[in-house]
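Biologist: I'm new to this one and would like to learn how to read it. Could you walk me through it, general idea first and then the case at hand?

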Amino acid sequence: MDLAAVGATAGQAGDVVRHPAGEDHLRRVRGAGRDGLVEEALGWLEATLAEQGRAMVYSSAPPEERSPGAAGLLERALAAVAARAARLGARRIVVAGGETSGAVVNAPGVTGAVVGAEADRGVPWLLTTGDPSLALLLKSGNFGRPDLLVTALEAP
């Protein structure tokens, strides 16, 4: 992954943090090697969705700060979070990162999708064709304007 891609996604996540309601529905996944990462994230997700109706879970770090094996662990953690969110009734899931997008799409059992409207140039919503019925925004690292994640969180 190139640093520009990490920088774009980190900037977009930072835009959510700076948004007036950002801290109410934001959680950064930290400590990739820690036991209980998935359980901690899932517990927070359930509470936040119940209270706020929306949540953003993310992890972003430059390559020199990543521990070996962290990417795979975080992909699995975020896939588990997305699957739980779908089971809890979330119908819109936004994912940044190519490998993470693949893991997240497979987690809730998506079998097909049609391309919907673009949230930003080159970043379309995907509407799943089976159950669960989801709107997925799968964004690679270097796509989208700085406020893309805020806009996606606020979409009806």
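Modeller: Let's begin with the idea of a nonpolar core: a set of buried Ala, Val, Leu, Ile, Met, Phe, Trp, Tyr and Cys residues joined through side-chain atoms within 4.5 Å. Buried means under 20% relative accessible area, exposed over 50%, and partly exposed in between (1.4 Å probe, protein chains only). Before we use that, a word on the source: this is a predicted model, where local features need pLDDT of at least 70, side-chain atom pairs count only at pLDDT 80 or more, and totals for chains, interfaces and linings use all residues. Residues are numbered from 1 along each chain as its sequence is written, and side-chain values use heavy atoms, with hydrogens and water left out.

Biologist: Which residues make up the largest nonpolar core?

Modeller: There are 9 residues in all: Ala 41, Leu 42, Trp 44, Leu 45, Val 57, Leu 78, Val 81, Ala 85 and Ala 90. Two helices, α2 (37-52) and α3 (70-87), each supply at least two of them, and α2 gives the largest share, 4 residues. Apart from this core lies another, of 8 residues, including Ile 93, Val 104, Leu 134 and Leu 136.

Biologist: You're using labels like α2. How do I read those, and how many helices and strands does the protein chain have?

Modeller: Helices (H or I, at least four residues) and strands (E, at least two) are DSSP runs, numbered from the N terminus. Here the protein chain has 5 helices and 6 strands, and their pattern along the sequence is α-β-α-β-α-β-α-β-β-β-α.

Biologist: And for the chain as a whole, what share counts as buried?

Modeller: Of its 156 residues, 38% are buried. For the outside, accessible areas come from the Shrake-Rupley method with a 1.4 Å probe, and for residues only the protein chains shown count as cover. The accessible surface of the protein chain is about 8200 Å², and 53% of that belongs to carbon and sulfur atoms.

Biologist: Back to α2 and α3. At what angle do their axes cross?

Modeller: The general idea is that axes are lines fitted to C-alpha atoms, for helices over the stretch in contact, and angles run from 0 to 180 degrees between N-to-C directions. Angles under 35 degrees count as roughly parallel, over 145 as roughly antiparallel, 65 to 115 as roughly perpendicular and the rest as oblique. In our case the axes of α2 and α3 come within 10 Å and cross at roughly 30 degrees. That makes α2 roughly parallel to α3.

Biologist: Which residues meet there?

Modeller: Contact means heavy atoms within 4.5 Å. From α2 you have Leu 37, Val 38, Ala 41, Leu 42, Leu 45, Glu 46 and Leu 49, and they meet Leu 73, Leu 74, Ala 77, Ala 80, Val 81, Arg 84 and Ala 85 in α3.

Biologist: How are α3 and α4 placed, roughly parallel or oblique?

Modeller: The axes of α3 and helix α4 (residues 98-106) come within 8 Å and cross at roughly 40 degrees, so the two are oblique to each other. Glu 75, Leu 78, Ala 79 and Ala 82 of α3 make the contact with Glu 99, Thr 100, Ala 103 and Val 104 of α4.

Biologist: What about Arg 76: buried or exposed?

Modeller: Arg 76, found in helix α3, counts as exposed because its relative accessibility is 55%. The C-alpha atoms of Arg 76 and Ala 103 are 6.8 Å from each other, though 27 residues separate them along the chain.

Biologist: So what share of contacts joins residues 24 or more positions apart?

Modeller: Among contacts in the protein chain with a separation of 6 or more, such residues account for 63%. Take Ala 8 in helix α1 (residues 3-18), partly exposed at 25% relative accessibility. Ala 8 and Gly 141 are 133 residues apart in sequence, yet 6.3 Å apart in space, C-alpha to C-alpha. Not counting residues up to four places away in sequence, Ala 8 touches Gly 141 and Asn 142.

Biologist: What does Gly 97 contact?

Modeller: Gly 97 is found in the loop between β3 (92-96) and α4 and is buried, with a relative accessible area of 10%. Leaving aside neighbours within four places in sequence, Gly 97 is in contact with Lys 139, Ser 140 and Gly 141.

Biologist: Where is the cis peptide bond?

Modeller: The bond joins Asp 131 and Pro 132, with omega about 10 degrees. Pro 132 is found in the loop between β5 (123-128) and β6 (135-139).
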